[in-house]
Structure formats: structure tokens, C-alpha cells
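Hi,

Here is the structure I said I would pass on. Have a look at it first, and then read my notes below.

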Amino acid sequence: MKKVFKKITIFAVLLCTIIVVTGCSKKVITAENFKNTMDSKGYNVVDVTDQFASQGTMKKGYVALQKESKYQVEFFELETEVAAESMFETNKKKFEEMKGSSSAETSVDGSNYSKYTLSTGGKFKVVTRVENTLLYLDVDKEYKDEVGTIIDNLGY
């Protein structure tokens, strides 16, 4: 009986390890994928690449404006993963500095991605990186569920 229990335990641990390891990475999308997805959902997508040209690390940048201009979703494809990591950390620190006395935050790191969310002062803020891309949102809290669906649809 002990041998059977030991085998089941080992199998369960291995299965959990496989699930965790395979779930620790995300598939990157291109700027063009972002543009096409947001266009298809009725957003007005604007190319903002030239605004960041002086930084020298931006391949492509888009801002998707919600129909009634209630919020925007920003997407950046950078030259390298290191540049995206740096941009992620800069924005995460900026968000952390905005924390109020009543706030909720999450922070997740995987093999090729990082995600930080903050709810504070009636705002919902998200910065998430997958490889060399970055998604940025700073919206009124009332749109949290709506933008959560967008983030999920994009795989971020």
C-alpha cells in the first residue's frame, strides 16, 4: 500500500510540475496583431512610434482609443527584451509611487513575462510585458472588467 501511495504522490508532483512549467510563459504578439485585434473590436488605433523615436529602442507603438474616448490601451514593441524589461520596471515604479492608503496590487513574473496591476484612488493600472512587448493601461476603475477582457483576449 505504501508503494502505491508513493507512486501516486510522485506522479501527482510530476504532473503539477509540468503544469506549472508550461504555464509560466506567454505567447508574444506583434504590434500588427495588436493593431488588427483592436481594430476588429472597434477601437481607433493610432501609430505613436514617431513619438518615441528619440529613445532608439522602439520598433512600433500603438494607442488604441476606446470609442467614446473613455480610456486607451497602449502597446509597444521594443527592439530587445532588455529594453522592454526596463520600460516595465520604470512604469511599475511609477505606479507604485501612486499607491494610496487603500489599494490592491498584484505582481507576477514568469519565464518570459511580467505583470503588475494596481487599484487605487478610483483607478486601475496595468503594465505587462511579454518578451520584447509591453501593454500599458491607466483607466478609471469602472472599466476594470472591460479592460481585463481585452488583456485576456490579447493573451497578456
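Reading along the sequence, you get the pattern α-α-β-β-β-α-β-β-β-β-α, which comes to four helices and seven strands. Keep in mind that this is a predicted model. Of the 156 residues in the protein, 37% are buried. The exposed surface comes to about 9200 Å², with 54% of it supplied by carbon and sulfur atoms. As for contacts with a separation of 6 or more, 46% of them are between residues 24 or more positions apart.

Helix α3 is a good place to begin. It covers residues 81-96, so to speak its 16 residues, and reaches 22 Å from first C-alpha to last, close to the 22 Å expected at 1.5 Å a residue. Its buried residues are Ala-83, Ala-84, Met-87, Phe-88, Asn-91, Lys-92 and Phe-95. Looking down the axis of α3, you will find them within an arc of 165 degrees, so they line one face of the helix. On the face turned away from that buried side sit Val-82 and Thr-90, both exposed. And what covers the buried residues of α3? Strands do, including β2, β3, β4 (103-109), β5 (113-120), β6 (123-130) and β7.

Next, helix α2, residues 31-40. Its buried residues are Ala-31, Phe-34 and Met-38. Seen down the axis of α2, these fall within an arc of 60 degrees, so they too line one face of their helix. Their cover includes the strands β1 (44-47), β2 (58-65), β3 (72-78) and β7 (133-140), along with helix α4 (144-154). Strands β2, β3 and β7 therefore turn up in the cover of α2 and in that of α3.

Just after α2, take a look at Gly-42, which has a positive phi of about 90 degrees. Then comes Tyr-43, in the loop between α2 and β1. Is Tyr-43 buried or exposed? Its relative accessibility is 10%, and buried means under 20%, so Tyr-43 counts as buried.

What does Tyr-43 touch, leaving aside its neighbours within four places in sequence? Its contacts are Met-38, Ala-64, Leu-65, Gln-66, Tyr-71, Glu-146 and Ile-150. Met-38 is also one of the buried residues of α2. With Tyr-71 there is a polar contact, side chain to side chain, at 2.6 Å. Tyr-43 and Lys-67 are 24 residues apart along the chain, yet their C-alpha atoms are separated by 5.8 Å.

Over to you, and happy browsing!

Key. Residues are numbered from 1 along each chain as its sequence is written. This is a predicted model: local features need pLDDT of at least 70, side-chain atom pairs count only at pLDDT 80 or more; totals for chains, interfaces and linings use all residues. Side-chain values use heavy atoms; hydrogens and water are left out. Buried means under 20% relative accessible area, exposed over 50%, partly exposed in between (1.4 Å probe, protein chains only). Helices (H or I, at least four residues) and strands (E, at least two) are DSSP runs, numbered from the N terminus. The arc is that of the directions from the helix axis to the C-beta atoms. Contact means heavy atoms within 4.5 Å. Accessible areas come from the Shrake-Rupley method with a 1.4 Å probe; for residues, only the protein chains shown count as cover. The expected span of a helix is 1.5 Å times one less than its number of residues. A polar contact is a pair of N or O atoms within 3.5 Å; within protein, one must be able to donate a hydrogen and the other to accept it, and residues adjacent in sequence count only if both atoms are side-chain atoms.
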